Amino acid sequence: MRLPKFDYRSPNSIQEASAILLEEPSARVLAGGTDLLVNMKHKVETPAVIVSLAAVPDRNYVKKADGAVRIGALTPLKRVYTDSFVAQKLPALAIAASSVGSYHHQTMGTLGGNLCQQTRCKFFNQSKWWRNSRPICFKAGGEMCHVAKKEHVCYSTYCGDVAPALLVLKAEVVLTGKAGVRQVPLESIYSGEGKTPLTLQQGELLTEIVIPEQAADGFSTYRKFANRGSIDFPIVGAAFWTSKKTGESRIGFTAVDRKPLRALQLEDFMKGKQLGSEVIEAVDGLVAKEARLMLSSIDSLSQKRQLMGQLVKKAIGEAMGGR
Amino acid sequence: MEKEFTVVGHRVPMIDAAAKVTGSAQFTDDLVFPGMLYGKVLRSPLPHAKILNIDVSKAASLPGVKGVVTGAEIPDRRYGIVPKARDEYALAKGKVRYIGDEVAAVCAIDPEIAEEAIDLIKVDYEELPAVFDPREAIKEGAPIIHEGVANNTSFAIRKEFGDVAKAFAESALVSEDTFYSQAVNHAPMEPHAAVAQYDPVRGQVVLWSSTQIPFFLRRNLSATLQIPESKVRVIKPKVGGGFGQKIDMFAKDFCAAWFAMKTGRAVKFVYERDEVFIATRQRHPMYLTVKTGMAKDGKILAQQFLAHADGGAYNSTAPTMMALSCFFLMVPYHVPNLLYEGYHVYTNKPVGGAMRGHGIPQARFAVERQIDMMAGRLNLDPAEVRFKNSIKAGEPHPGGFVIKTCGFADSVQEAAKAIGWQEKRGKLPFGRGVGMGGASFPSGVTNMSHISSGAVVQVGQDGGVNVLTGAADIGQGAETVIAQIVAEELGVPFDIVRVTAADTGTTPLDPGTFGSGVTVRAGNAARIAAESVRKKLFECIADEMEANPEDLIAADGKIFVKGSPDINVLFTKALKMYQYRDLPMPLVGRASWMADTKEPTTLFNEPGNFSPNYSFMTQAAEVEVDLDTGKVKVVKMVTAHDCGRPINPMLVEGQLEGSIAGGMGQALYEDVIVDKGQVMNPSFLDYGFPTAMEMPEMESIDIETDDPVGPFGAKEAGEGTQLSPAPAIVNAIYDAIGVEFNELPVTPEKVLKALAEKKKQGV
Amino acid sequence: MKKVLALKVNGDTHEVLISPNMTLLEVLRDKLGLMGTKRGCDLGACGACTVLVDGEAYLSCIMLAMDAAGREVTTIEGLSGNGQLHPIQKSFVDVGGLQCGFCTPGIVMTAKAILDEEPKPTEESIKKKMAGNLCRCTGYKKVVEAVMDAAGVKGGLK
């Protein structure tokens, strides 16, 4: 399957990259390529210009500064999870990063790229000739959403592993563009809408991930359910962070909605409560309402719903000292 | 047994292992010719439709496009691997019958232009009602998929012996159960590919194809291109896996040859991975109803079967598949009264074809599951029931099979011992369990008569040996095994034997790799050809050695008189002696071998032998069920395996280990999900067959029975072991959580649902 | 518009004129004639196209050739030298860690990356890192055993 034709640019700095993105409205940023290039082969994404970040220096790092952990957006996932501080103090992030795809995806794929991945759908992630059996879907440039069977909506699903882990660690991201540099909570970059999943402005690139030092002051984990132990996207992924000290718990999900999300109702319920049977018994009832599950994958909604509860309960069990 | 032989029975690395590990082994897509063109196929987006019009004008005029062809232009010649089941055209004529059906093809100077050209072909369709379930398609009033094929039933088989009604009446327990086995894709790592070249002066086509059946492919090409077979040469390069999916001619073969003939240039077609998933072959989904009558002690008195195979849009190997599925219900257990009714029904879906086990896995799953269920109801140990019902070598067989060696009973005991059956069955904590499944498989099917393999063995004056064989090595190691057999027969080192194989222009006839016939059939041919060389050599030097030719032995590179190995002549010296007698060099031996057989399909109406010999095995699995997520982990799988004598134990293990992965995939992980005729998961990502992370601990126990028919005692090893893993695993799941699953695959979701049901019912 | 790419492969520098939409896999096979690296799915889901880029295991089918500029690419052809098999290759031959051989170059290159990173890996670690290399023939047992053999680690799969 050949990639469609495009104009290739290889800027030497973020500023240069940003300028190209501003000049060319249909330009796309290329980091590891494990997401974008596959979609381009499927011809669901056909940018006229590719802005490769291969030559942009100094964005591959994991460092502690000003009481936070700062990770460059172009840091490969493998580097993230093999970092000793991340592995020991931010286990949710380490586990999530090491569960992305396969070993090869982890050496090629970057943290920033993984966060910004395209949403997914069984009608979208297919070759052009496969998609000829139906009208082009809304996300791919047509009118109809084949999941909802409605026009001008998109019910694709966000399936990245790392986002929910970073959400529960209360990560922020640095967005760099023409207007300057801004640092925002991670959740704000997700629109919650399937056709344009990211809120980044034109010309903006995600350049750094910032994790506050308090994130290390608690227990955290990421639990992924997939059919196989490699290659697969999550059917459901759940991240969990809890602090005995503050009595606060945070739960993040992926593969259940058009964006990664925090289970705010469940978090509210758990506030101040000890982890134990009362909490565990309430999980299933509360998580069910947290996400807008849609049939955008070959997995059933009932399985996803069940897994949401199961994975959180397993994580709570882990936090309590069991396995 | 190993001590008896110097090459056979030894763990010899594959003859082409070095080429494969260095990346120099040549697969079809690795072939490049100057000026080569690249082809692409246009496929139907609809499951059932009339083709009203095809406008290729824009495609044909795209710069770089050198040819466009549609079904309207190709000869009106259907093809298929089974003569009476020919129902396909290389490109659809008049209508399309499934999403993926080939409609047109282009060739261009580079693949990018070919892709673009395909997009420019405009087809007008008139959509027709489609049918997706064989049980619906068989009914009156269902849309007819192939003209003239009533009830969409392209093949039906009925086989009967004994008196099932009487036997049921005499049974202590009669149970009727239904089972379903899903569509599975072979998913070989190498996509289907073909490269064709044409000599316009001599009118000869050469086709390199990733195929399992070079000689059948030649025949099909000749028929559909309407040129004599003698003008078609099919060469098989290295093949990156087939498992049955590369049996049959495909559009890529025909179109590559077609365009080569039209343009005079080499033409290459390589399928994309989703084309392989959608538009080649898959395992037939099957609905099976099994009714079994058992005596109180677990002895099987009668079995009655009703099977509906979901054929998809075309026949492929339909009659053979149904026959195998039926006949292999007669082994490994003694079934004295049997009635089998089976129907192969068309649907507007991907095409079912031969896949490792070829119709038997589906039936085996049903029988092995039911044995466990009935054993349970009779309060008997399922292992004991299997042991008790085992057929025995040399005994008269109800269907007329001639079984000279049978290690099945032993395999039940060995597998049980190895998995810890006594200690574990019914005794492990909830969520953990053990189960077993038995199986048997033919070493090539006698029923398809005129299936013979030829071999030529040439020994040159330098002592080097070249074996010409038509056998198609697709990664299982056929060439290695043949080389070992020849080396053993000639008493020469393995590494001086070369194999030239699977080239219809130079190697002897061979039906190809299917039905696990290669080791026995092509191996026997090679052995007899080598024996003929040995005899010629012995005749020549017997006088010199002052012995009778019958008293000479060839071993370890020497020739000596039986009993006196110290008085010997080097093999190479003997060759020199032969040469200096002015006898023609190279020394050539020729042979062909065919299983003893009557005309085809007599077995449908009379008893008779189905295969030259039969492999037997029992597999036992230990599983662990995650009660929270429903995920089943296969912890360990043991195989007790009678393949006569392994010519190469390392390769036999390889077959076993690979087929455990395949059987496990079928049990738990794999399913071709089709929605209104469209495959929803045509990728390695979404069709998730097992990775290294999923593999269990594997143990194999070799049960040697030294079969008299096979070369050096060998029987098949490669398909039988893909029959029993699925039932062993599903039987183990019953032991673990008390749930009977009779439909495949057993997904985490199904397990959770079943556990929830049990909880509700308070069991 | 075509661009000139200077690509360092197996120690040699090649200058090729390519369209930017060519993947590293396409350039290796179709421009440089290095057929050892295979195309199993072209979508990064099987590992048959694995090469080393600066010593790391990469999926060459989902990497732009242009992005390999200035980096060291090693393909299966670059592993053995002096007419001898690399020890990893020898282990695969001896243990029988291959059948049809199509996935083998990708697996061998991944094995190299694994052993360069972890000279004495555990069986678990090998499985996890090798899991992105799909194989339909072997069931992976002898593949893992071959890597353990190459690492000189005793044991192997039970």
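Begin where two chains meet: select chain A together with chain B, and you will find 22 residues of chain A in contact with 26 residues of chain B. Keep in mind throughout the tour that this is a predicted model.

Staying on the side of chain A that touches chain B, colour helix H8 (128–131) and helix H12 of chain A, each of which supplies at least two residues there. Of these, H12(A) is the one to centre in the view, since it gives the most to that side, with 5 residues. If you then colour this side of chain A by residue class, it shows 7 nonpolar, 10 polar and 5 charged residues.

Next, hide chain B and look at chain A on its own, a chain in which 12 helices and 14 strands can be picked out. Its C-alpha atoms fill a box of roughly 55 × 45 × 35 Å along the principal axes. A compact globule of 323 residues would have a radius of gyration near 20 Å, and chain A, with 19 Å, agrees with that. Of the 323 residues of chain A, 58% count as buried, and among its contacts with a separation of 6 or more, 65% are made by residues that stand 24 or more positions apart.

For a closer look inside chain A, select helix H11 (residues 277–287), where Val283(A), Leu286(A) and Val287(A) are buried. Turn the view until you look down the axis of H11(A): the buried residues fall within an arc of 95 degrees, so they line one face of the helix. On the other side of H11(A) you will find Ser277(A), Glu278(A), Glu281(A) and Gly285(A), which are exposed. Now add helix H10 (264–270) and helix H12 (301–319) of chain A to the selection, for these are what the buried residues of H11(A) pack against. H12(A) is thus a helix you have already met, as it also gives 5 residues to the side of chain A that touches chain B.

Move on to chain C and show its strands: an open sheet of 5 strands appears, in the order E2-E1-E5-E3-E4, with mixed pairing. Strand E2 (12–18) and strand E4 (56–59) of chain C each have a single partner strand and stand at the edges, so one side of each is left without a neighbour in the sheet. Seen across the sheet, neighbouring strands are turned by 40 degrees against each other on average, with direction ignored.

Within this sheet, select strand E1 (residues 3–9) of chain C, which pairs with E2(C) in the antiparallel sense over 7 bridges. To see one bridge in detail, pick Ala6(C) and follow it to its bridge partner in E2(C), Glu15(C).

Two helices can now be added to the sheet. Helix H1 (residues 24–31) of chain C lies across E1 and E2 of chain C and runs at about 100 degrees to E2(C), whereas helix H3 (residues 104–117) of chain C lies across strand E3 (50–53) and E4 of chain C, at about 35 degrees to E3(C).

Finally, bring chain B back beside chain C, where the contact takes 44 residues from chain C and 41 residues from chain B. The elements giving two or more residues to the side of chain C that touches chain B are helix H2 (87–95), H3, helix H4 (123–130) and helix H5 (141–151) of chain C. The largest share of that side, 4 residues, comes from H2(C), and by class the side of chain C that touches chain B has 24 nonpolar, 10 polar and 10 charged residues.

Definitions and conventions: Residues numbered from 1 in each chain as written. Chains lettered and ligands numbered in written order. Predicted model: local features only at pLDDT ≥ 70, side-chain atom pairs only at ≥ 80, totals over all residues. Pairing = 2+ DSSP bridges. Axes fitted to C-alpha atoms, helices over the stretch in contact; angles between N-to-C directions. Contact = placed C-beta atoms within 7 Å. Rg over C-alpha atoms; globule rule 2.2 N^0.38 Å. Buried ≥ 20, exposed ≤ 12 C-beta atoms within 10 Å, placed from the backbone. Arc of directions from axis to C-beta. Nonpolar A, V, L, I, M, F, W, Y, C, P; charged D, E, K, R; others polar.
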